[in-house]
Every structure is written in C-alpha cells, then in structure tokens.
Amino acid sequence: MKLRELLALIFVKVMQKLRGLLTATIWVSVFAAPLMLFSAHPLLNSAGVLLTTQAILLLQPTHTPKQKKQGTNLHAVFNLTSILTLIAALVVIEYNKISHGGDHFESPHAILGLITYILFFLQAIVGIAQYYIPALFGGVDNAKKVYKYHRMSGYLILLMSFVTIAAATQTGTNKKLLHIQLWIVIVASVATLVGIVPRIKKQKLGLD
C-alpha cells in the first residue's frame, strides 16, 4: 500500500470514529441548558441520526453471504430503533407546540424536519419490504432491483438530516436556549460524510 493510500485510509478511519461528534455536541448543549419537555426533541433526533449512520456503516461493505445477512439484519434493527426514536422526537415537539399554542411547520427547520421524517418512514417501509417481504415486488429478483435506489435514497436522506439540523441552529429556540453553532454542525456533518462516502461501492448504486 502506497503512503498516500495509507494516509487516506487512516484519515477515513479517524472520520468514522467522529461519527458521534454531532450527537455529542447536541447532547452537551441540551444538558448545559435548563431541561424541559422540548429538550427531548433534539436529544431524540440526534440519537436517531446517529443510529441511522451506524446502520449505514454496518453494510459498508459486506462481502460473504453470512456477513450480508448479519449486516442486513443489524441494519434493520438499528434503522427500526432510529425510526421509533424519530417518531418520539416528532411527538414531543408537536405536543410541546400544541401545549404552548406555537406555530406548526413554518420555519425552514420545521418544514425540512417534516419532510425528513416522512422520507425516513418511507425508506424504512421499502427497506423492510424489499428484503423480508420480496413477494410484494413480485419476487426476490425484482426486489433486488430496488436495492440500489434504496441505497441512493438512504444517503440522500442522511444528508438531508444534516441540513435539517443545520437549519435548527437558526431557530429562535436554539439561539436563546441551546446556542449550538452552525459551524460546529457543518464540521461534524462533514466529518461523518467523509467517514461514509469513501466506503460507498459504486457498483452497488448501479454506477459502474
């Protein structure tokens, strides 16, 4: 292995270790502020994104049939846990808005958040169906044809999650209460992506 390749590999490994940086930053900010019902919203959302990130890494890459099966089952468990966590985050913020008579889905963060929640939910349904209930697609072969689109959309939804979190830094609640800086979110998001993108196999996305 050439020095350049070795350094690149080390860099990617370091970035992968930083995948929890974004969640850690949010949790520290939340616990540094007065705790209230709203506090559960960023805590749950950031945990959900971390679980999704880990779910992606579990399948990057798998080689043997046994690894693929184990990786896929763990991928499903992590993503299902993530979905439940995100649903809880949505319930918390909606209850909080209703109890305080707040506006719903008006800020860029709120609109992006709703879209992201919906995409996460749809992504999970398709993922579970294509692997565990392939008959819904007309058989295993047809279900496998959906895999590449499921992978592509997964990466895009993760990216959208980072954009949504970045938008959260511009809300009044964050500026008054949590004080999470936009640049920290961007750095942490980029670090996570740098740990993921180099491991993407183009052939699994149908790009070869």
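**View 1. K175 in helix α8.** K175 sits in helix α8, residues 172-178 (helices are DSSP runs of H or I with at least four residues, numbered from the N terminus). At 49% relative accessibility, K175 comes out as partly exposed, the class between buried, under 20% relative accessible area, and exposed, over 50% (1.4 Å probe, protein chains only). Leaving aside residues up to four places away in sequence, K175 touches T169 and Q170; contact here means heavy atoms within 4.5 Å.

This is a predicted model, so local features need pLDDT of at least 70 and side-chain atom pairs count only at pLDDT 80 or more, while totals for chains, interfaces and linings use all residues. Residues are numbered from 1 along each chain as its sequence is written, and side-chain values use heavy atoms, with hydrogens and water left out.

**View 2. V185 in helix α9.** Look for V185 in α9, residues 182-196. V185 is buried, at just 1% relative accessible area. Skipping residues up to four places away in sequence, its contacts are L22, F162, I165, A166, T169 and I180. For T169, the C-alpha to C-alpha distance from V185 is 8.3 Å, with their positions 16 residues apart in sequence.

**View 3. Helix α4 and its packing.** Helix α4 covers residues 65-100, 36 in number, and reaches 52 Å from first C-alpha to last, close to the expected 52 Å (1.5 Å times one less than the number of residues). Its buried residues include G71, H75, S82, L86 and I93. The buried residues of α4 pack against α3 (40-58), α5 (108-132) and α7 (147-168). Just after α4, G101 takes a positive phi of about 65°.

Terms used:
Helix = DSSP H or I, 4+ residues; strand = E, 2+ residues; numbered from the N terminus.
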